[in-house]
Amino acid sequence: MLTLLHCGRNVRTFRTIQTINKSYYSSQMAKRVAVVLAGCGVYDGSEIHEASAVLVHLSRGGATVNMFAPNMEQMHVVNHLKGEPSEEKRNVLVESARLARGKIQDLSKLSVKDHDAIIFPGGFGAAKNLCTWAVKGKDCSVNDEVKAVLQAFHGEGKPIGLCCISPVIAAKVFPGCEVTVGIEKDDKYPNTTDTAAAITELGCKHVNKSVSESHVDEKNKLVTTSAFMCEAPIHEIYDGIGTMVQDVLKLA
């Protein structure tokens, strides 16, 4: 009899946990997140592992996702085997469709009212196609559609997540904001010191954060993490992006 009562309590406890979990994920299901890609491949588009990590963590968080990319020619095409530019010409939206398994829309069609948050994975495409940071540094220009989308989400008080090099876009669009691209003067973050200096010159604040952490600019609702700005094992990159995604969903 005591055993049956004990089992009954366990069943009720299990059902309570199930209900709590279901309630948690139901609340997350309301989060509609736009993910903006910049091509396909680290040297001329979105970093594939970062984009995948963003999508996996959004899925685990119960969010619904729509993917977008600007319909424009890439700055250039890089042979990823040789690490050298080629003579090819490719379209950012068409290349991004590879990552999105074909389910992607022109960035011009992104409606802020239909989304609760937006996330930009990194990769050189963010610095070559979404803006010209790779060529002009702090004096870069930001793609008009990208700038308009960022300003629209910011104006509505909706969170913006950025990882790897993409936080420089926020630094260019939102003077005085706070972002991270890793830890300065640390050999594990070989490009962080110079990038952080340029961010500071733009009037923004760079915050040192490890690859496993994200920084939340509460005022501007910006969430950033260093990802592959750090020479770290891929699981650490993955976990850091997970932290960023979780923080974005909390703010949404």
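Angles under 35 degrees between helices count as roughly parallel, over 145 as roughly antiparallel, 65 to 115 as roughly perpendicular and the rest as oblique. The model described here is predicted, so that local features need pLDDT of at least 70 and side-chain atom pairs count only at pLDDT 80 or more, while totals for chains, interfaces and linings use all residues. Residues are numbered from 1 along each chain as its sequence is written, and side-chain values use heavy atoms, with hydrogens and water left out.

The protein chain contains nine helices and eleven strands, where helices (H or I, at least four residues) and strands (E, at least two) are DSSP runs numbered from the N terminus. Of its 252 residues, 48% count as buried, that is, under 20% relative accessible area, with exposed meaning over 50% and partly exposed in between (1.4 Å probe, protein chains only). The accessible surface of the protein chain, from the Shrake-Rupley method with a 1.4 Å probe, comes to about 12500 Å², and 52% of this belongs to carbon and sulfur atoms. Among contacts (heavy atoms within 4.5 Å) between residues at least 6 apart in sequence, 73% join residues at least 24 apart.

Helix α2 (residues 48–60) packs with helix α9 (residues 234–251) at an angle of about 50°, and their axes are 9 Å apart; these axes are lines fitted to C-alpha atoms over the stretch in contact, and angles run from 0 to 180 degrees between N-to-C directions. The two helices, α2 and α9, are therefore oblique to each other. On the side of α2, the contact is made by H49, E50, A53, V54, V56, H57, L58 and R60, and on the side of α9 by I234, Y238, I241, G242, M244, V245 and L249. By class, ten nonpolar, three polar and two charged residues make up this contact, where Ala, Val, Leu, Ile, Met, Phe, Trp, Tyr, Cys and Pro count as nonpolar, Asp, Glu, Lys and Arg as charged, and the others, Gly among them, as polar.

Two loop residues that are not glycines have a positive phi, namely C164 at about 65° and K185 at about 55°. C164, in the loop between β7 (160–163) and α7 (167–173), is buried, with a relative accessible area of 8%, whereas K185, in the loop between β8 (178–179) and α8, is exposed, with a relative accessible area of 78%.

A further loop, between α8 (192–201) and β9 (205–206), holds L202. Leaving aside neighbours within four places in sequence, L202 is in contact with W133, K138, A171 and K172.
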